[in-house]
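This briefing is meant to be read with the sequence and the model side by side. It treats aromatic groupings, a metal site and a helix in turn.

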Amino acid sequence: MSLKYDLHSHSTVSDGTLTPAQLVHLAADAGVNVLALTDHDNVSGIGQARMAARERDISIVPGVEISVSWNGHTVHVLGLNIDPDAPILCAGLERLCDYRQWRAREIGRRLAKKGIEGAYEGACEEATGALVGRLHFARFLVQRGHARDVKEVFRKFLVSGNPGYVSGEWASLEEALGWIGDAGGMAVIAHPARYNMTRGKLRRLIGEFRELGGRGLEVVSGSHSKDEYFTMARHASDFGLLASAGSDFHGPENPWINLGQLPDLPPGCEPVWNHF
Ligand code: AMP
Ligand code: MN
Ligand code: MN
Ligand code: MN
């Protein structure tokens, strides 16, 4: 019987709503055999996830989703099968978390100028973990009735050109790949179809990523359409990259992305998990 892999998920350590242990139990209930915990810029949930996995028939791939600034875009690079204690990785992630802290206050200040008070404090309350992200602001703003749902908050407040958007000062692509390499992991471009890039620009990103030692593309993602699976599989094969699959699960309140329900990789893909 083939194993069920889900190599992209979030816990309360970043912007997910389940603790690492709750996430592992839910994934095991859903029949996932191999789960990567890939919190944003943070590896502090991996110990708890591993502990919970001991009680169940599931393996944990230690991971991280690193925020990268590349030619004016924010790109997410997954590090899979990393050593979460690797010093160069840890130092790099600490820098990104410091930037996040500053950015969260800045988003709060900008929203206050638009008459929305208390957003920084509200987002911190939503964030029970080590990291405050835009999704925490989004949840707070929905609660306060500034938008109907999280998608609308992003559109109205939190994307480029809006009051709650601060352009990123994240890692460079080279840094992120260096940190992942130093931690013995494999770098995978997360949800490559989500970057609002032209086909040419996306291929330039993939080419640079490959040159710098990147290994894979997330072909099957909770945020990709079926057509996009095939387009991304094509890019992976053109560049000799491995293919990954991950739900990008953030919690059970987003029922459109479920754990354990990912389709198979398109034919011709070489799965990243064959190379762990
Ligand atoms: P950050 O890394 O703090 O800038 O926040 C990025 C996170 O916000 C992503 O990982 C998603 O969880 C969430 N996000 C981004 N865009 C959207 C959107 N349009 N709708 C819902 N969530 C989003
Ligand atoms: Mn997220
Ligand atoms: Mn992402
Ligand atoms: Mn993610």
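In this predicted model, Tyr-99, Trp-102 and Trp-170 come together as one aromatic cluster. Across the whole structure, a search finds 3 aromatic pairs, and the points below take up a pair formed by Tyr-5 and Trp-273 before turning to the manganese ion (ligand 3) and to helix α5.

**Aromatic rings**

- A pair of aromatic rings is described by the distance of the centres and the angle of the planes.
- For Tyr-5 and Trp-273 the ring centres lie 4.2 Å apart and the planes meet at 10 degrees, so this pair counts as stacked.
- The stacked pair links distant parts of the chain, since Tyr-5 belongs to strand β1 (residues 5–6) whereas Trp-273 lies in the segment after β7 (242–246), 268 residues apart.
- Tyr-5 and Trp-273 are both buried.

**The manganese ion (ligand 3)**

- The manganese ion (ligand 3) is coordinated by Glu-65 through OE, by His-76 through ND1 and by His-191 through NE2, at 2.1 to 2.2 Å.
- Along the sequence, the donor residues of this ion follow the spacing E-x10-H-x114-H.
- Two of the donors, His-76 and His-191, link distant parts of the chain, as His-76 is in strand β4 (residues 73–80) and His-191 is in the loop between β5 (186–189) and α8 (199–211), 115 residues apart.
- The manganese ion (ligand 2) is 5.6 Å from the manganese ion (ligand 3).

**Surroundings of His-191**

- Is His-191 buried or exposed? With a relative accessibility of 9%, His-191 falls under the 20% limit and therefore counts as buried, and His-76 is buried as well.
- Leaving aside residues up to four places away in sequence, His-191 touches His-8, Glu-65, His-76, Glu-218, Ser-221, Ser-223, His-224 and Asp-248, and among these contacts Glu-65 and His-76 are also donors to the manganese ion (ligand 3).

**Helix α5**

- Helix α5 (residues 134–143) has 7 of its 10 residues buried, so the helix is largely enclosed by the rest of the structure.
- The buried residues of α5 are Leu-135, His-136, Phe-137, Ala-138, Arg-139, Phe-140 and Leu-141.
- Which helices do the buried residues of α5 pack against? They pack against α3 (87–113), α4 (119–126) and α6 (150–158).
- Just after α5, Gly-145 adopts a positive phi of about 80 degrees.

How values were computed: Residues are numbered from 1 along each chain as its sequence is written. Chains are lettered from A and ligands numbered from 1 in the order in which they are written. This is a predicted model: local features need pLDDT of at least 70, side-chain atom pairs count only at pLDDT 80 or more; totals for chains, interfaces and linings use all residues. Side-chain values use heavy atoms; hydrogens and water are left out. Donors are N, O and S atoms within 2.8 Å of the metal (3.2 Å for Na, K and Ca); water is not among the atoms, so sites may look incomplete. Helices (H or I, at least four residues) and strands (E, at least two) are DSSP runs, numbered from the N terminus. Buried means under 20% relative accessible area, exposed over 50%, partly exposed in between (1.4 Å probe, protein chains only). Rings of Phe, Tyr and Trp (its six-membered ring) pair if their centres lie within 6.5 Å; planes under 30 degrees apart count as stacked, over 60 as edge-to-face and the rest as tilted. Contact means heavy atoms within 4.5 Å.
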